[in-house]
Amino acid sequence: MSYYERDDRRYRDRDRDRDYDERDSRRHRSSRHRHRSSRSHSRSPSNSRSRSRDRSPNYSDGVPKGQPAALSSGSGHPLLSTGANVLPITMQMNSAQDKINRELFVGNTPPGTSEALLMQFLNGAMRRVKLCEPDANPIVACRLNQKFAFVECATVDDANKALNITGIPFLGASLKVSRPSKYAGPFIAHQTWQQLTGQPLVAGMTGDVSADEKLSRELFVGNTTPEMTDVMIRDFLGRAMEQVGLTTMPGNPINAVRVSGKFAFVELRTAQEAANALNLNNIPYLGTCLRVGRPSKYTGPETPHGNWEDILSKFMSGELKLNNAATVASPAPVAAAPVYASHVAVAPIQRPTRVVELKHMLTQQDLENDEEFQEILEDTRDECSSFGPLKNVIIPRSGPGATKIFLEYTTADDAAKAISGLAGRTFDGRQVVAGYYDEMKFQNQDYSD
């Protein structure tokens, strides 16, 4: 090893020994400081007591500082309070909920409506249909906005009864009466003004209905086939209800039909007729049995009902003797058992027959000219023979069957093919309605509905 290497190594060893000495000195000083600090704390009881006071909870005998002791219970927790001071809070909560239960939303109010006029009108309407005493004023307050209002009833029972006047005509509009959005109570079955009075909604009158009320009038129809159109389903089910007395007033009870693949939704004009229509379940149509029931969104009470086989057998045996007029005269819950009328004397048209009835293909003008009439008769025979052999084609030129076309096939299967092929077609811009027709009426040349 050279002289320079030995010298360099000597300097490195000296620097290393100096570093070790400095680290030992720092460790020694730190240890002495901790020892003194420990002895200082152990000799100072005042400091210990001070820290104990600082860590104590911010309560005195379980009561927060600055808060009255009356709001605390014996448990020491300020939120578990009991006693007379809490009673007013509970009463206020109950009072607020009671007010919500007594309030109603009144929508579709027309311009020019005043609070006094609306209260006077609704009170008078409730007295008129005997939803309250003859001298009572069940609606005690009103808050009017531009297109709607909130009314407050004297009691919860008054509010429940007032739901039955929804749809009432008022200054050219149809008022919508329903629960406010804050209402969280039970569902209350009710009717509409039209059901209570038997008066149809005036043509051209604007109106609105609540979602619950509309849902109570809707039904699900399953197991439909692709050839079934909305017009066919409406006409078929509507006439079935009319034939066996499931309606509450004259006319087709079905307002609208929405078809979607293998199922459909039908909207009836009243909730009672929707409940009655549940009895159409398993009704045969075009080679299948339709399933009729409530939609999945329905949350109302369960409605007792039977099936089509039960209703048809009771109708044919004359067991259905009740009259629907009684239902219209007095309010009835949606869940009430269906009632029927016995005034219908014809056989149900739902049973497949060999006779097909076509509507909306002709006008009265088409029947006036003899040559044109013969041309229509020949064209109809040629076109409709494609579904099967035709025995007869009848087009009444006058009387109740005028503008209708009746096709008599040799088999009911051929008649079903004709219905599937013709229903829903358009003729001069008019949509054709096709359905079965009673063979006995056809043989007797009775072409009335």
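The expected span of a helix is 1.5 Å times one less than its number of residues. Helices here are DSSP runs of H or I with at least four residues, and strands are E runs of at least two, numbered from the N terminus. The model is predicted: local features need pLDDT of at least 70, side-chain atom pairs count only at pLDDT 80 or more, and totals for chains, interfaces and linings use all residues. Residues are numbered from 1 along each chain as its sequence is written, and side-chain values use heavy atoms, without hydrogens and water.

**Exercise 1.** Find the reach of helix α12 from its first C-alpha to its last.

Solution. Locate residues 370–384, which make up the 15 residues of α12. The helix reaches 21 Å. That is close to the 21 Å expected at 1.5 Å a residue.

**Exercise 2.** Sort residues of α12 into buried (under 20% relative accessible area, 1.4 Å probe, protein chains only) and exposed (over 50%).

Solution. Start with the buried residues: Phe373, Ile376, Leu377, Thr380 and Cys384. Seen down the axis of α12, they fall within an arc of 100 degrees (directions from the helix axis to the C-beta atoms), so they line one face of the helix. Now turn to the other side, where Glu371, Glu378 and Asp382 are exposed. Finally, look for the cover over the buried residues: it includes β16 (390–394), β17 (405–409) and α13 (412–422).

**Exercise 3.** List the contacts (heavy atoms within 4.5 Å) of leucine 280, leaving aside its neighbours within four places in sequence.

Solution. The partners are Leu237, Ala240, Met241, Leu246, Leu290, Val292 and Trp308.
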